[in-house]
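Trainee: Could we go through this protein together? I would like to learn how each label is earned.

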Amino acid sequence: MKGASKSLSIIRLPDESTDEQITAECQRLTNQLRAEVRKAGAEPVFDGTIKSLIDRYRHDKTSSWHSVKHSTRIRDYEPSLRVLTKNVGDRDINVLRGSDFNRWFSQWRKKGHRRASGAMKLLRIILSYGAGERLRGCKQARDILSDMRFELPASRDVAMTYDQCLAIVKMSAELKCPSIGFVEALKFESALRRIDVIGEWAPPEEGGAFRWRGPTAQSLSKDLILKLKTSKNGAEVARDLNAMPLVAEALKSYTIPEIGPIVIDEDHGKPYWENRYTEKFRKVRDKAGVPANVWSMDSRAGAVSETVEATGSLALASELATHSTTKMTKKYSRGDGLETSRRIAEARTANRLSATAVKQ
């Protein structure tokens, strides 16, 4: 089992071993296992290296590692901490210089700008944690790093188009995985984040087996009004699925369950795990002839782009997408965005029909 003690592995003893030798070896392994068990729950020892700081950061229940959302931890924190551990985990924090940070960034950037930026971001976070805990060398290294600036990766400029989303919807039905088309259609029409549509598997705060949370049949009324709280900022939103042509197309093949989660992975009969959804989306996208540089996340960008084009209003697009920049405005409006989303859906549909008429 991955992560299990080496003392629990199968050990073959020489065939000629006597009973006394077998007893002695069993006793030795038992004592070794007991020592490992005693250390298992102990706080990791900080020896001045980046790896030991990361171990402390992960273990300490007061660190930001335990306060960020599980999805953020898996998507952003874990990959960057692995980069740090693998490449510079043995470095002594007390002797780090600005030239070290510049060299690391340049090396990591060769394998991806976002990868390098993510690693430097997490390095700042763990050094700030170490400084707060008064761990040797962390404050000085943090101060050096805080005065440094690294070139940020270019903003993503890809947005899924209506035609691309429609192609994905139709291909998902053809490939017998209509849930993919339904999710992408709903995201494109509503500007909801994927996690707010498919939900999320995450461990409870007290630990234990992963549990799923997300929109269920109770979130959807009989007349297809979807109401939920967004995962990003807790904003209450309502979306009328009847006003969304792409969703109507998707529902020709996908049947929303009458109970339980509204989106089910056909292959497993359960809500999607993030990686399983991504893998299946790619297969559908490629079969649909949509370029590989169009990702699932780009359907939300497509929703915002099309809304601005259809309405000429950046404010309406921001409200549809529940961007944090309008958080205070939404608090004062006291609304859930249902009527606004209906007007936007109507305007976008009219804009499509107008564009089609021009082409003809």
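**Reasoning from values to labels**

Mentor: Happily! Helix α6 is a good place to start: what covers its buried residues includes α2 (50–59), α4 and α5 (113–132). Keep in mind that this is a predicted model.

Trainee: Which residues of α6 are buried?

Mentor: In α6, which spans residues 138–146, the buried ones are Cys138, Ala141 and Leu145.

Trainee: What puts them on the same side of α6?

Mentor: The three cover an arc of only 70° around the axis, so they sit on the same side of α6. There is a general reason behind such patterns: an α-helix has 3.6 residues a turn, so residues three or four places apart point the same way.

Trainee: Why is Cys165 called buried?

Mentor: Buried means under 20% relative accessible area. Cys165 has a value of 0%, so the label buried fits. Cys177, at 7% relative accessibility, also counts as buried because the cut-off is 20%.

Trainee: How many disulfides does the structure hold?

Mentor: It holds 0 disulfides. A pair of cysteine sulfur atoms would have to be within 2.5 Å to earn that name.

Trainee: And why is Arg91 called partly exposed?

Mentor: Arg91 has a relative accessible area of 25%. Partly exposed is the label between 20% and 50%, so Arg91 belongs there. You will find Arg91 in the loop between α3 (70–88) and α4 (98–109).

Trainee: What is Arg91 in contact with, leaving aside its neighbours within four places in sequence?

Mentor: Its contacts include Gly48, Thr49, Ile50, Asp100 and Trp104. For contact, heavy atoms must be within 4.5 Å. As for Ser52, it is 39 residues from Arg91 in sequence, and the two are 10.0 Å apart in space, C-alpha to C-alpha.

Trainee: How do you know that β3 and β4 pair?

Mentor: Two strands pair if there are at least two bridges between them. Strand β3 (residues 225–229) and β4 have 5 bridges, in the antiparallel sense, so they pass. Leu226 stands opposite Arg239 in β4. The two strands form a hairpin with 6 residues between them, and Gly234 in the turn has a positive phi of about 75°.

Trainee: What makes β4 mostly covered?

Mentor: Strand β4 (residues 236–240) has 4 of its 5 residues buried.

Trainee: Where does the largest share of the lining of the second largest pocket come from?

Mentor: From α3, which gives 4 residues. The lining has 18 residues, with His70, Arg73, Pro203, Pro204 and Glu205 nearest the centre of the pocket.

Conventions. Residues are numbered from 1 along each chain as its sequence is written. This is a predicted model: local features need pLDDT of at least 70, side-chain atom pairs count only at pLDDT 80 or more; totals for chains, interfaces and linings use all residues. Side-chain values use heavy atoms; hydrogens and water are left out. Buried means under 20% relative accessible area, exposed over 50%, partly exposed in between (1.4 Å probe, protein chains only). The arc is that of the directions from the helix axis to the C-beta atoms. On a 1 Å grid over the protein atoms alone, a cavity is a set of points where a 1.4 Å probe fits but cannot get out, and a pocket is an open set with protein on both sides within 12 Å along at least five of seven lines; lining residues have an atom within 4 Å of a point.
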